[in-house]
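Thanks for coming. I have one structure to go through today, and I will keep to what can be read from the coordinates.

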Amino acid sequence: MISQADDTIAAIASPVTPAIRGIVRLSGFDCMEVLRRMGLLNDDPLPTRSFRTSRSLDLGQQLGEIEVDLLVWPTGRSYTGQPSAELHLIGSLPLLQSSLDRAIEAGARPAQPGEFTMRSFLAGRLDLTQAEAVLGVIEAEDRGTLDQALSQLAGNLSRPLQEARSTLLDLIADVEAGLDFVDEDIEFISDEALVQRLAQLCDQLNTTRDQMDERGGGSEAIRVILRGLPNAGKSRLLNALTRSESAIVTDQAGTTRDLVTVELVVRGQRFLLIDTAGIETREDTDPEATISAEAQRQATEAAQNADVHLWCMDASGDRSFAELRQSRLPIETAKRSAELICVATKRDLMPSDWKAEAIHADVAVSSESGFGLDMLLDRLHSFAETRDAGETGNVIGTAARCRDSLSSATQHLQQAIVWTEQSAGHELVAAEMRLAVEAIGEVTGQVYTDDILDRVFGRFCIGK
Ligand SMILES: Nc1nc2c(ncn2[C@@H]2O[C@H](COP(=O)(O)OP(=O)(O)OP(=O)(O)O)[C@@H](O)[C@H]2O)c(=O)[nH]1
Ligand SMILES: [Mg+2]
């Protein structure tokens, strides 16, 4: 991806749904030449500043000539740090597509996902955390994520890290300068002062990492809600999974009223299991009607924020998941990224050759014998892994990546402190400090590998 970072790329940069206006974006070294070949610019010398003008673009026999608003950044002073342009036209897909085709005929190449943003990053316009934030803004599903992405874009995350990095570079300079004068016993910084400064930096990095966690990074617990009819065995399943007696279990339908939330950690991944009242509607004349209605309201509200829905059904009953699955009713009002897992409960009450598929369930479990609980935990864990891989939570991707790098940075700093305290020699101390600088740099993009770049930019949509 990096080797060809200055050829001219083009893409439709607006949503490909009908809209009033649509945008075709171009960027690259010979972008102005491409515009000339498209008949949008003549041979006159261009101004050095960006400009906007109206032009007509010939889209061939069928579509004819259309009016476009042309925005041009003739020099490197653009978002991508390269000569760039945007064609604003009516947001009809055939027109946008033909305009793009014209650009490609004129020498541009179709852009890869994220390629515009990557160029911006390579030009030093954005650091990696900001680039991921752009992705966050593009993909933000809800208000909270959007705010988070925007504040990240504003450098909320990268600024303290840039500062820490530059302080650390200054300190390295002091330590290394001392190495040159080691025979003359000249010290640029005393060991005590160095240890103190390194410890401060560790604190600073830890604070940034904690802030990231608070903002809902990779360690954010996955909310798993247990739902189903009364007596389906939800509460007992919660207890079995968490090896606790957190929820009351009885053979009476309608036992659970309040939400019961218990934390569960599976191989390092945090989950919040939420037990709910069984789904029911009571007659108004029922003395329990008000309590029941409130319990239902709480359960529905919790369901809207859940990431995983464990829909429980008694295997020994005569119901099946077939209809539920088809209607997707259980997660109709849930988050777009929510996952539905259909759980057949009370497996121990069924013959040994009975299979979960008999009632179209994903897994069969028994809270009595423990059957299937591991399989269910595996399902939850793999959901967490896919989510962290960035398929649904892009800001989480940043946070997880940053957390690893920051942990590695603090480890190196701590090692530098140990070497200093043991008077192990300033060469070793400086080497650890350099490793810490690299680790911080991975976050802010000063040091980057193709692997990281591909991970970050590969997730963008084309045209961004
Ligand atoms: N044999 C057997 N009984 C179970 C199992 N799971 C639950 N039960 C029984 O089924 C009854 C209902 O269990 P609960 O866990 O309270 O059911 P619930 O879905 O929480 O019910 P509500 O809170 O009323 O909605 C209890 O008598 C449990 O002991 C199981 O795996 N095997
Ligand atoms: Mg219950």
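I will start with the whole chain, then take the ligand and the metal, and end with a few single residues.

First, a caution: this is a predicted model. Every value I quote is computed from that model.

The overall numbers are as follows. The protein chain has 464 residues, and 46% of them are buried. Its secondary structure comes to 15 helices and 12 strands. If you take the contacts with a separation of 6 or more, 66% of them are between residues 24 or more positions apart. The chain exposes about 22,800 Å², and carbon and sulfur atoms supply 49% of that area.

Now ligand 1. Which residues come nearest to ligand 1? There are 22 residues around it, and those that come nearest are Lys234, Ser235, Gly254, Thr256 and Asp348. By type, the shell divides into 11 polar, 6 charged and 5 nonpolar residues.

Several backbone atoms face oxygen atoms of the ligand. For Gly233, a polar backbone atom is 2.9 Å from an oxygen of ligand 1. For Ala232, a backbone N or O atom is 3.1 Å from a ligand oxygen. For Thr250, a backbone N or O atom lies 3.4 Å from an oxygen of the ligand. On its own, ligand 1 has 650 Å² of accessible area, and the protein covers 90% of that.

Just before those residues there is a backbone detail at Asn231. This residue is found in the loop between strand 7, residues 222-228, and helix 9. The phi of Asn231 is near 70°, which is positive, and the residue is not a glycine. As background, most residues other than glycine have a negative phi. Asn231 counts as partly exposed, because its relative accessibility is 32%.

Next, the metal. Which atoms coordinate the magnesium ion, ligand 2? They are OG of Ser235 and OG1 of Thr256, at 2.0 Å. Ser235 lies in helix 9, residues 234-242, whereas Thr256 lies in the loop between helix 9 and strand 8, residues 260-266, so the pair ties together parts that are 21 residues apart in sequence. Ser235 is buried, with a relative accessible area of 10%. Thr256 is buried as well, at 13%. Ser235 and Thr256 were also among the residues that come nearest to ligand 1.

Let me move to Thr345, which is found in strand 11, residues 339-345. Is Thr345 buried or exposed? It counts as buried, because its relative accessibility is 3%. Setting aside neighbours within four places in sequence, Thr345 is in contact with Ala232, Cys312, Met313, Asp314, Ala315 and Val365. One of those is Ala232, whose backbone I mentioned at the ligand. With Asp314 there is a specific pair: its backbone nitrogen lies 3.5 Å from a polar atom of the Thr345 side chain.

After strand 11 comes another positive phi. His360 sits in the loop between strand 11 and strand 12, residues 363-364. Its phi is near 60°, again a positive value in a residue other than glycine. His360 counts as partly exposed, at 40% relative accessibility.

Now to another part of the chain, helix 4, residues 115-122. In this helix 7 of the 8 residues are buried, so it is largely enclosed by the rest of the structure. The buried ones are Glu115, Phe116, Thr117, Met118, Arg119, Ser120 and Phe121. Helix 4 is followed by Gly124, which has a positive phi, near 80°.

Thr80 is one of the residues that touch this helix. Where is Thr80? It lies in the loop between strand 4, residues 65-73, and strand 5, residues 84-91. Leaving out neighbours within four places in sequence, its contacts are Ser27, Phe116, Arg119, Ser120 and Ala123. The side chains of Thr80 and Ser27 are joined by a polar contact of 2.9 Å. Thr80 counts as buried, because the cut-off is under 20% and its relative accessibility is 4%.

Last, Ala293 in helix 10, residues 289-304. Ala293 counts as partly exposed, at 47% relative accessibility. Its C-alpha atom is 8.7 Å from that of Glu280, and the two residues are 13 apart along the chain.

That is all I have; I will take questions now.

Terms used: Residues are numbered from 1 along each chain as its sequence is written. Chains are lettered from A and ligands numbered from 1 in the order in which they are written. Side-chain values use heavy atoms; hydrogens and water are left out. A residue is near a molecule or strand if one of its heavy atoms lies within 4 Å of it. A polar contact is a pair of N or O atoms within 3.5 Å; within protein, one must be able to donate a hydrogen and the other to accept it, and residues adjacent in sequence count only if both atoms are side-chain atoms. Accessible areas come from the Shrake-Rupley method with a 1.4 Å probe; for residues, only the protein chains shown count as cover. Ala, Val, Leu, Ile, Met, Phe, Trp, Tyr, Cys and Pro count as nonpolar, Asp, Glu, Lys and Arg as charged, and the others, Gly among them, as polar. Helices (H or I, at least four residues) and strands (E, at least two) are DSSP runs, numbered from the N terminus. Buried means under 20% relative accessible area, exposed over 50%, partly exposed in between (1.4 Å probe, protein chains only). Contact means heavy atoms within 4.5 Å. Donors are N, O and S atoms within 2.8 Å of the metal (3.2 Å for Na, K and Ca); water is not among the atoms, so sites may look incomplete.
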